[in-house]
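These are my notebook entries on one protein structure. I set down what I looked up, entry by entry.

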Amino acid sequence: MADISADVIIVGSGVAGALIADQLAGKGVSVAILEAGDEVDRATAVDTFQAAAIKTPESAYPVGPDADHPLSWNMDYYYRQNGSDKFKSTYIKAVGGTTWHWLGTAIRMAPDDFQLATKHGKGVDWPVSYDELESYYARAEDELGVSGAAGSPPSAHRSTDFPMPAIPPTYLDKVFKEKLAGSIYDVTPTPQARNSVDRDDRPGCCGSASCIPVCPVQAKYDATVHVQKAVTKGATLHPATTATSVETDADGNVVAVHFMLRDGTTGKATGRLYVIAAHAMETPRLLLNSVSAHTPNGVANSSDQVGRNLMDHPSQLSWARSNDPVWPYRGPLSTSGIENLGVGEFRSDRGAFRIEIGNDGHSWPTGAPISTVSALVEKGLRGAELDKALKAEAARHVRLASLVEQLPDPENRITLHPTEKDKYGVPLPQITYSVDSYVKAGLEAAAKAHQDIFDALGTTEVHHADDFNGSGHIIGTCRMGTDPKTSVVDQHLRSHDHKNLFIAGSAVFPTSATANPTLTIAALSLRAAETILADLGA
């Protein structure tokens, strides 16, 4: 038995767990971080990615029974799916969590996003407003190191400037902005947690073009930044330590998190307060597996909302060939976007979306430029002729992706598989998922917008994906709210059922909006850390 003890036990070392650990350790609180995955050696991850036959978000990192996770190229690996649609977003288990392979996009939600039910009669309202969260957004941007330009997104007023100037637009970005000038499509630099200049002992971006799955120089933020800061301040990190269940007592207090090590050794972590920050798939999986006489439906689940309201940003992917060279495949995978389409009365009828302009050419939809080489070889081209044709084609690849808002649906959910378990005895996640007419109408509107943009650019060979893609944004499953009967945590992320339990991460989002979720996760986590500190003081 290898027991762990601290004032606060945190399960998960992604951006939520790492930020909370750093905030608490900085105030002298003893913190223990439990992480199922291993510490990642950056150089090894870069080499692994370069050697991988299939280039996917997970291809730089280990996968297997010790720290298993889903794979984007095989949605039936690890996930068990029984819905009408496949859930297509993934994550990894590692110290630093999925921030290892995120793109770095760090956008604030709009004020209207917090009042979807009030404004448009859809979904539910958040129990916290934009104005209540604005100062925490500013702190989150400072902690992560966000580069951006004033006015992006245009609907979110701000009290501070971005910590760093925006990442410079690519030549491709400039072409989009020029061709769309005067239209409804306003091209702006995308706020991103990526250094545009040297900051926080990390270098400025050098344009390696491998943000997904790994930044070779750590210009892009990942949560190991705050894991290391927390450890330096006294927190203890326990990698390769898989939480298997949460134990409560008859009074409703959490008294331990049970875990298992790789060799089968079991133990328990005990503290005064507990934070579950294991992402929106693993968090409900852990809570649902914590069945006891005190918690017959699992921990924090008296509302029967744990695991429900699973959301993503189903994305419309479109690609085309420009008449003139625009020179993609250079720099961060996206540096500009169209952020002014996310609010409006149309949200009563269809999902809103933001448009991401890709610098990665056709690599996402077709596997280019490698697939381009294959196609040209099949045409009989070789040598200098092949090289010339490849340059001509690859220089003209353009790609758009629109991330569409999805409404919460209690039938979209994760439950525990009845028979299949992982190495640690925890049932595999069973997913029921579908996209409704609200999403489908948003995808259709996005495809029309893409066509408008391609027409303005003067493109040919236009393709619109027939099916939606995942955006890597796993949202919902432990939503927050004011009513314990319909939500899992309150506005400070404290469990309604267990006063010494907090849940952090995108699992608590009541709705998805259109902004990539990481900056909101960070803002909510900083806010929750203040509540935890107040509770410990009391």
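**Entry 1: a sheet.** In this predicted model, I looked up an open sheet of three strands, and I noted its order as β4-β16-β15, with mixed pairing. I recorded β4 (80–81) and β15 (413–421) as the edge strands, since each pairs on one side only. I then turned to the contact between β4 and β16 (residues 427–432): the two strands run parallel and are joined by two bridges. For Arg80, I found the bridge partner in β16 to be Gln430.

I also asked which helix packs on the sheet. Helix α7 (residues 279–288) does so, touching β15 and β16. I noted that the direction of α7 makes about 60 degrees with that of β15.

**Entry 2: aromatic pairs.** I searched the whole structure for aromatic pairs and obtained eight. I described each one I examined by two values, because a pair of aromatic rings is described by the distance of the centres and the angle of the planes.

I began with Tyr79 and Phe87, whose rings lie 6.3 Å apart centre to centre, with 65 degrees between the planes. I entered this pair as edge-to-face. I checked burial as well, and both Tyr79 and Phe87 are buried.

Next I took Tyr130 and Tyr137. Why is this pair tilted? The ring centres of Tyr130 and Tyr137 are 5.8 Å apart and the planes stand at 35 degrees, so I classed the pair as tilted; planes under 30 degrees apart would count as stacked, and those over 60 as edge-to-face. I found both Tyr130 and Tyr137 to be buried. I further noted that Tyr130 and Tyr137 belong to a cluster linked by ring pairs, together with Phe114, Trp126 and Phe509.

**Entry 3: charges over rings.** I looked up which ring lies under Lys88. Lys88 is placed over the face of Phe468, at 4.2 Å from the ring centre. I recorded a further case at Phe162, where the charged end of Arg158 sits over the ring, 3.8 Å from its centre.

**Entry 4: the whole protein.** I counted 12 helices and 18 strands in the protein. I compared its radius of gyration, 23 Å, with the 24 Å that the globule rule gives for 538 residues; the two are close, so the protein is as compact as a globular protein of that length. I noted the spans of the C-alpha trace along its principal axes as about 70 × 50 × 45 Å.

Of the 538 residues, I found 59% to be buried. Finally, I took the contacts with a separation of 6 or more, and 73% of them are between residues 24 or more positions apart.

Notes. Residues numbered from 1 in each chain as written. Predicted model: local features only at pLDDT ≥ 70, side-chain atom pairs only at ≥ 80, totals over all residues. Heavy atoms only, no water. Pairing = 2+ DSSP bridges. Helix = DSSP H or I, 4+ residues; strand = E, 2+ residues; numbered from the N terminus. Contact = heavy atoms within 4.5 Å. Axes fitted to C-alpha atoms, helices over the stretch in contact; angles between N-to-C directions. Phe/Tyr/Trp six-rings, centres within 6.5 Å; stacked < 30°, edge-to-face > 60°. Buried < 20%, exposed > 50% of the residue type's maximum accessible area, 1.4 Å probe, protein only. Lys NZ or Arg CZ within 6 Å of the ring centre and 35° of its normal. Rg over C-alpha atoms; globule rule 2.2 N^0.38 Å.
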